Every structure is written in C-alpha cells, then in structure tokens.
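User: I am new to this structure and would like to understand the reasons behind the terms used for it. Could you take me through them step by step?

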Amino acid sequence: MFKIEKENVDTKYLIILLSVAYMFSVVIRMIWIAQFSGFDEFYWNNQLMINTNDGYIWATSALNELTHQFENNPRVVDMYKYGVVFFTYLAVKILPFSIDTIILYMPIVVSSLIVIPIVLIARVYNLTLLGFFSALIGSIAWSYYNRTMAGYYDTDMFSVMMPTFILYFFINSIESKKLIFSLLASLSIFVYPFLYDSGTSVIYAMGIIYMVYMVVFHREEKFTYNSIILISLGLLGLVWYINLALILLAFMVLLKKDFELKTLVFIAIATSVVFLLSGNVLGVIGAKIASYGIRAEESNGLKFFQVAQTVREAGKIPFEVMANRISGSVLGVIISFVGYILLVIRYRTFLLALPLIGIGVFSLWGGLRFTIYAVPIFAMGSVYLFYVIASFSSKKVIRYFIIISLTSLMLLPNITHIVGYKVPTVFTKQEVKVLDKLKSISDPKDYTIAWWDYGYPIWYYSNTNTLIDGGKHKHDNFIVSKILMTTSQVQSANLARLAIESYVSNDYKIVADSIFKNKQKDQINPDILLSELMLDDYKVPKKTRDIYFYLPNKMLNILPTVNLFSDLDLVSGKKNQRPFFYKTTNFKDTKTKLLLGNGIELDKQTATLKIGNQSVPLREFIVTHYDGKGKLQVDKQLVNMASNLSIIFMKNYNQFLILDNKTINSTYIKLFVLEEYEKSLFEPVILTPYTKVYKLKI
C-alpha cells in the first residue's frame, strides 16, 4: 500500500541513528542551559538552579537519603517508592557530580531516551529511517520539551517515555509472536508506577486495549492468552516482590509448558478478572478524569475553594493550544492525525496507541499536561504521511528530499518555540540567600508559613517545614490564605500558632478539617473560631517550635489568587465580593495624569482615580523606597479618608499597586510592602527587597 519502500538497516547503522537522534534531543535541550549560563542570579552552589517547583520535593527527598537532614519533615518521600528519588540518589553516589548538577541535567538524559522506542517501533516494520525522523520530532515537540527540558526535574521525564516503550513491546509481541516481548511489556507495566506514580490509569488503558485487540484479532492463537496472562499479572499491583515473582514464574511456565487453548483461555480470563477487580480499574480511571474535569466547591461538609479552579494546566484549553503543544501548529496536528489514520489502515497494531492519543485529546477538557501523551504517536503519524507523499516519486533521492524537507518544516515551529521558551529558575540567587540565612537561624523542626508554590523550595534551601506545598494544597490553603490575607495581625499570629501546633500534635492531619471538625457530627461554625482568634487573650497552644512567615515580592503576582481561598463563607461556599487589587510596571507619568494602563489613570489635580468609566477619589498615596543603608522608608499622603482605594508606588521596584482598604491592611501587604507589624507578635529576622521573613513571637 502506497508503495513505501522498506528500509533495511543493520544493527551498526541502527545504533548510529539512535545515537544521532538521542544527541539531537540532548543538544536541543542544551539551548536553555546556553541561554541562562553566565547569569549569576540563576546560580547557586556554582550550578544553574532548576525551573520547576515540584522538582524540589524529589531533590529534598534524595538529599534526605544522602544526609538525613530532613528527618523532621513528614512530607519527604521514600526513594524505594519513587524512582526519580532512587535514581537521583544512585547518580549522586556513583557519579562525580553534585546533587544540584544531577537534578539539572537528569531530565535531559532520561527524557531523550524516548527516541529508542520510537525508532524501534518503526523498525518492526522495516521502516527504521521513518522511526529516526519521527524520533527527531517526538523528542523535542512542544509539550514534551516543556515538561522534560533541562532543569524540569520531575517525574514527567518518565511519563511518556515508558508508555512508548510499552507500546513497542506490545507491537513487537504481536508481530514477532515472541513471548519475551510480552514479558518485557509486563515488566515495564510493573515498574511504571515506581517511575511515574500518577500514570496508573494510563497503563490500565493500554493494558486493556492490548487484551481487547488480541482477543478480537488473534483469538484462535495460544500466544494471545499467554500474553494476556503476563500483561494481567503486570497490572495487578501487588507487593512488588510477589508481583515480580508471579510475572517471572508465569513466563517460565508458559515458555516451557504447552497448555491446551481452553486451559489458557480460562487462566487468561481468571487473571484478567482478578486484575480488573483488585485494581478498581474503572474507579481509578474515573477518578483521574473527575480530578481534572470537576472544578466546583465541595458538596459535603465545609465548602473550601479548590486548587483545580485556579491551576492553569488543569483547565480547559482551546484546540489551537492543544495542536501547538502536540505537533507545533494546527496544520501540524492535522497532518499528524491524517498520518496516524493511514498508519492504522496499513498497520492495525497502531490501534494500540489509541489510549495515548485519547489522553492527548482529553487535554481539551483536562488541561495542558495531557497533551504530552499524544506527541510520539503523532510524530510518527506526520512522518508516515510524508512517506506516503514521497512514495509518488520513483526516484529515491527525490523521495528522501521530500521527507527530509517536510520533517524539517515540522521541526521548525517546535524549535522556534524552544528558542523563545526562556523559563526562569524557580528562585533567583538573592531569594535563595534568604532561605539559606533562614536555615542558619532556624531549627529543622521549625515551620515556615508560605503559599504552596514555594513549599518544596523552602524545604530544600532552608530545611524548615511548611503547612502546604505542591502536593498538599487542599483545605489547608484556606488556613494559609487567611493567615496572609486577614486584616487582623492578631488573628494571623494566633491562627499560625494554632495551625502548626495542631498539625504536629494531630499526626500531620489536615489542619482545617481538625480545628473546624469538618464533616463530623460536631462540626463547628468556622466564623466563630476565626472571630475568637482575633482576641488578644485567645489562648493558643503551647509553643513547641518556631514559626516563620515567608513573604516574597513575587507573591504580589498571585495575590488575588491567594485571597480566593479564604475570601468566602465556608458554610455556604458563597464567595465574598472580590477586593480590588491591581499591579503594574507599565505606566506613564505626565504633568496632569498618571497613566497606569488598562484604562486606569490618576488625575493629579483632583486626586481622582479613573477606572474604566468610573471615577473614584483616592484615599492615600504611599511611596516606599530603600535608603542607602537598605532600610525601607515609607512616605504617606492622606487624600480622602472616605475613599476605599489607595495607591502604593514601590519606587525601587518601579511598580504601582492600586488596592482597597481590605487588601492594604492584609498581613502580607503590611509586613512585606510597608513593614508595619505588631511588635508584640512579629519579629523581622530577614528584610530584603526580594523577600522578607518574620519570626512569630507567640
């Protein structure tokens, strides 16, 4: 069909092609390293820092395995449960590099391995060069690059690479009828949760479609049921050593003993049923879909605001965004889809890739992160279409000129994106200096109050603990949001002490559920307790550790989002009227007006703020600046006490804030922007323009 010429390549040239594809992936990922090299602000311990917040949970856990310095942190994970921690630990032990170097380069080394299964899948059909061209696209396509680039130290480096290996073993097992490939598929399925714990639903879907495919198209063959038995055992998810023993034992028995077809059918049905029942398959897949598809408040108990309502990668995306992230452009994804259809027509085993494509399409509802799964298959689809187009020429030179040219055009938007994708490190050197200093004045059992975005990095650099972090940000987001955004510093201090002591004494259970008795028969009205916390004589729990408030300048960018989590009625779920907050660095000062962008301007003569079609008198104009000794100076000019809106010009930051009375009196604004704090409650221990840290006195 289509007269596509087979490409017989011997092992030597196969290794060369794999090496070139791998090095291409590595070199492309080194672009980010080159772009940020030489900028001192992105370095710590003489190494570029990583660019994903979540990476610091794995880095902290690996460092704990090496040094045991985080043993007071209940949230560090075991390296024998998470492959990324295990292999990081192993790499630091074996290689002559620091952990900071390992976590920077590990995503490059691991994620580039995806070229191997892509090339090998094509090789099954004697189309090794097709696999090579596909690997070039698949290894650096938009979303795959974004989540596996240099410094993106996270489990995503395994998320798609391993399923692509599984797909290769599935396809080869069918085409070769060799049970060894079924064994390799089973072992890969068995090890996948260790490498990517969020991928259970992915391998469930892949395993099920493989079984269905085998029964539909190969139901008369003994090999079908031998394979189903092995795959079912790989999917069981028992205690690892029992699971592994069952897989290996079954393989040896099936390899040596020739069972009758009826016996094999019976065993295959039995193992499949055990897998389906023990694994709660439909429940796992349904829960995964629901976790990204449902974004409302909770229906039972108190009505907390949900993180999924604010996380961009878990929200609906337009078709164009999906297309760009999978194939680099809308035209690219159409080409890839058409090519995939042709692949299925020519080689029906590519039906086994439907779960990966389905998950990619699900990104339209589930969010950005799911686009990554469709990348390798759509890369193969696009190149296959190029081969079909080229097949109309009888001259080999012209055919490969067409294929190489079209592949290059497919690569172009992805490489263009990569060159422009200049993601900064999570923290700058100055911000890490603050945490390093905090480490020197604190104890490992101490806690730092901070928004969940900063949780993991705070662990790594300061060796203090946090109440919320990148993996624990549910009901306790309310607690931290209230601490940071309340207008009562007494309430902020009392709630912080109550929260941390409750968290530690209640075996690290969710604080909000504990103190409000959420979903219990004696559930209390949160407003009553929150009101009591405003009282100076509120009796807080006995102090067992120090508590620090971590207040970074960058939090101004997400302040409205932080506020959402506590600015609601927990009983009804009804949101309060959103406070006014506007931040800008894009402004123009004229003789009569201060133009602040987005239709907002200040009339200097009348001291009136114009916001769209509304005119509002200004309450207060505040200027903050640091003197020659680095001490903050605050100059205030009261204009109209009756007004609700004020302006703060943060001179050293060259930024304006427009905010209402509630926001300007919040703990965060008072302590970070204005350094106005209750001296009986807070003690400033680190004051820099980048970050300010206060120690709780009570």
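User: What makes Ile121, Tyr125 and Met380 lining residues of the second largest cavity?

Analyst: In this predicted model, a residue counts as lining when it has an atom within 4 Å of a cavity point, and the residues listed for the second largest cavity are Ile121, Ala122, Tyr125, Leu127, Leu130, Leu343, Tyr347, Phe350 and Met380. The space that they line amounts to about 30 Å³.

User: How do you know which classes occur in that lining of the second largest cavity?

Analyst: Ala, Leu, Ile, Met, Phe and Tyr are among the types that count as nonpolar, and the lining of the second largest cavity accordingly has 9 nonpolar residues, with no polar and no charged ones.

User: What lines the largest cavity, and which classes does its lining hold?

Analyst: The largest cavity, with a volume of about 40 Å³, is lined by Trp44, Leu48, Met49, Ile50, Tyr56, Asp100, Ile103 and Tyr461. Its lining has 7 nonpolar residues, no polar ones and 1 charged residue; because Asp counts as charged, the charged residue is Asp100. In total the structure holds 2 cavities of 30 Å³ or more.

User: Why is asparagine 126 called partly exposed?

Analyst: Its relative accessible area is 35%, and because buried means under 20% and exposed means over 50%, a value in between is called partly exposed. Asparagine 126 lies in the loop between α5 (115-124) and α6 (128-140), and its phi is positive, at about 55°, although it is not a glycine. Most residues other than glycine have a negative phi.

User: Is aspartate 507 buried or exposed, and how do you know?

Analyst: Aspartate 507 is exposed, because its relative accessible area of 56% lies over the 50% cut-off. Aspartate 507 is found in the loop between α24 (489-505) and α25 (511-515), and it has a positive phi near 60°, again in a residue other than glycine.

User: What makes valine 338 fit into the nonpolar patch on the surface?

Analyst: A patch residue needs over 30% relative accessible area, and valine 338, at 37%, passes that cut-off while still counting as partly exposed. Its partners in the patch are Phe319, Val330, Ile334, Phe337, Ile341 and Ile345, and together with Val338 they have about 580 Å² of accessible area. Valine 338 is found in helix α17, and this helix, residues 330-346, gives the most to the nonpolar patch, with 6 residues.

Definitions and conventions. Residues are numbered from 1 along each chain as its sequence is written. This is a predicted model: local features need pLDDT of at least 70, side-chain atom pairs count only at pLDDT 80 or more; totals for chains, interfaces and linings use all residues. Side-chain values use heavy atoms; hydrogens and water are left out. On a 1 Å grid over the protein atoms alone, a cavity is a set of points where a 1.4 Å probe fits but cannot get out, and a pocket is an open set with protein on both sides within 12 Å along at least five of seven lines; lining residues have an atom within 4 Å of a point. Grid points are joined across faces, edges and corners, and a volume is the space filled by probe spheres set on the points. Helices (H or I, at least four residues) and strands (E, at least two) are DSSP runs, numbered from the N terminus. Buried means under 20% relative accessible area, exposed over 50%, partly exposed in between (1.4 Å probe, protein chains only). Patches are made of residues with over 30% relative accessible area and no salt bridge: like charges are joined within 9 Å, nonpolar side chains (Val, Leu, Ile, Met, Phe, Trp, Tyr) within 5 Å. Accessible areas come from the Shrake-Rupley method with a 1.4 Å probe; for residues, only the protein chains shown count as cover. A salt bridge is a side-chain nitrogen of Lys or Arg within 4 Å of a carboxyl oxygen of Asp or Glu.
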